[in-house]
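Q: I'd like a close look at one part of this protein, with its surroundings worked in as you go. Keep it informal, please.

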Amino acid sequence: GPGQPGLEVSSEAWSYPSSPQVQDVLSRYFDAINSHDYGAWAATMTPAAVGEQTGTVWAKLYGKPSTQAGTIRLSRVDEVAPGRVVALVSYVTAQNPDDAPNNLKLSQVCWRVSYALAGTPPKIDVSGPSSVTLGPCAQRG
């Protein structure tokens, strides 16, 4: 499986003043993905992000019953402008390979994502700076 579904927070991320709010929105975001709950997911996103991903589009990306996220770690929080932060997060997804991203049909995928967040309380903002790196998870011996 993907590991524990709870959010782990590095000491560096804990030290950022808005870390509790960032932790809250990220925890709710991953809980929504794991429970395949579009409404709960939408509550963690800016209105622009929700407008870009209707429930139908979201279900194709996140609503696959076999997909679960875990080993979620918030490594860092950086302020990029007043009221805007970027959160560096890594996590693992476990899924039926048919439900994996098109370019990586594996039962387990490791992700490193920078999420832009805006507002008070912060919400994930797809119009802000972000990046996604995904690949096969390293085998542990």
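Which residues does serine 90 touch, not counting residues up to four places away in sequence?

A: Bear in mind that this is a predicted model. Serine 90 touches Thr71, Ile72, Arg73, Trp111 and Arg112, leaving aside residues up to four places away in sequence. Serine 90 itself is found in strand β3. With a relative accessible area of 16%, serine 90 is buried, because anything under 20% counts that way.

Let's follow those contacts outward, starting with Thr71. Threonine 71 is found in strand β2, and at 44% relative accessibility it counts as partly exposed. Its backbone deserves a look too: phi is near 50 degrees, a positive value in a residue other than glycine.

Stay on β2, which covers residues 68-81, and you meet glutamine 68. Glutamine 68 is partly exposed, at 28% relative accessibility. Not counting residues up to four places away in sequence, glutamine 68 touches Pro2, Asn34, His36, Val92, Thr93 and Ala94. Glutamine 68 and glycine 1 sit 67 residues apart in sequence, yet their C-alpha atoms are 8.0 Å apart in space.

One of those glutamine 68 contacts, His36, takes us to helix α2. Histidine 36 follows α2 and has its place in the loop between α2 and α3 (38-42). Phi of histidine 36 is near 55 degrees, again a positive value in a residue other than glycine. At 25% relative accessibility, histidine 36 counts as partly exposed. As for α2, its 17 residues should span 24 Å at 1.5 Å a residue, and the end C-alpha atoms are 24 Å apart, so the two agree. The buried residues in α2 include Asn34, which is also among the contacts of glutamine 68. Tyr29 is another buried residue of α2.

Tyr29 brings us to the largest pocket, which holds about 720 Å³ of space. Of the 31 residues that line the largest pocket, the closest to its centre are Tyr29, Leu61, Tyr62, Tyr91 and Trp111. Trp111 should ring a bell: it's one of the residues serine 90 touches. Elements giving two or more residues to the pocket lining are α2 (19-35), α4 (47-52), α5 (55-62), β3 (84-94) and β4 (108-118). The largest share comes from β4, with five residues. By type, the lining divides into 19 nonpolar, seven polar and five charged residues.

Strand β4 also has a part in the disulfide, and the structure holds one of these. That disulfide joins cysteine 110 to cysteine 137, with the sulfurs 2.0 Å apart. Cysteine 110 lies in β4 and cysteine 137 in the segment after β6 (131-136), so the pair ties together parts that are 27 residues apart in sequence. The link is right-handed, with 120 degrees about the S-S bond. Its two ends are not equally accessible: cysteine 110 is partly exposed at 27% relative accessibility, whereas cysteine 137 is buried at 12%.

One last backbone detail lies past β4. Threonine 120 and proline 121 are joined by a cis peptide bond, with omega about -5 degrees. Proline 121 lies in the loop between β4 and β5 (123-124).

Methods. Residues numbered from 1 in each chain as written. Predicted model: local features only at pLDDT ≥ 70, side-chain atom pairs only at ≥ 80, totals over all residues. Heavy atoms only, no water. 1 Å grid on protein atoms, 1.4 Å probe; cavity = no way out; pocket = protein on both sides within 12 Å on 5 of 7 lines; lining within 4 Å. Points joined across faces, edges and corners; volume = space filled by probe spheres on them. Helix = DSSP H or I, 4+ residues; strand = E, 2+ residues; numbered from the N terminus. Nonpolar A, V, L, I, M, F, W, Y, C, P; charged D, E, K, R; others polar. Expected span 1.5 Å × (residues − 1). Buried < 20%, exposed > 50% of the residue type's maximum accessible area, 1.4 Å probe, protein only. Contact = heavy atoms within 4.5 Å. Disulfide = S-S within 2.5 Å.
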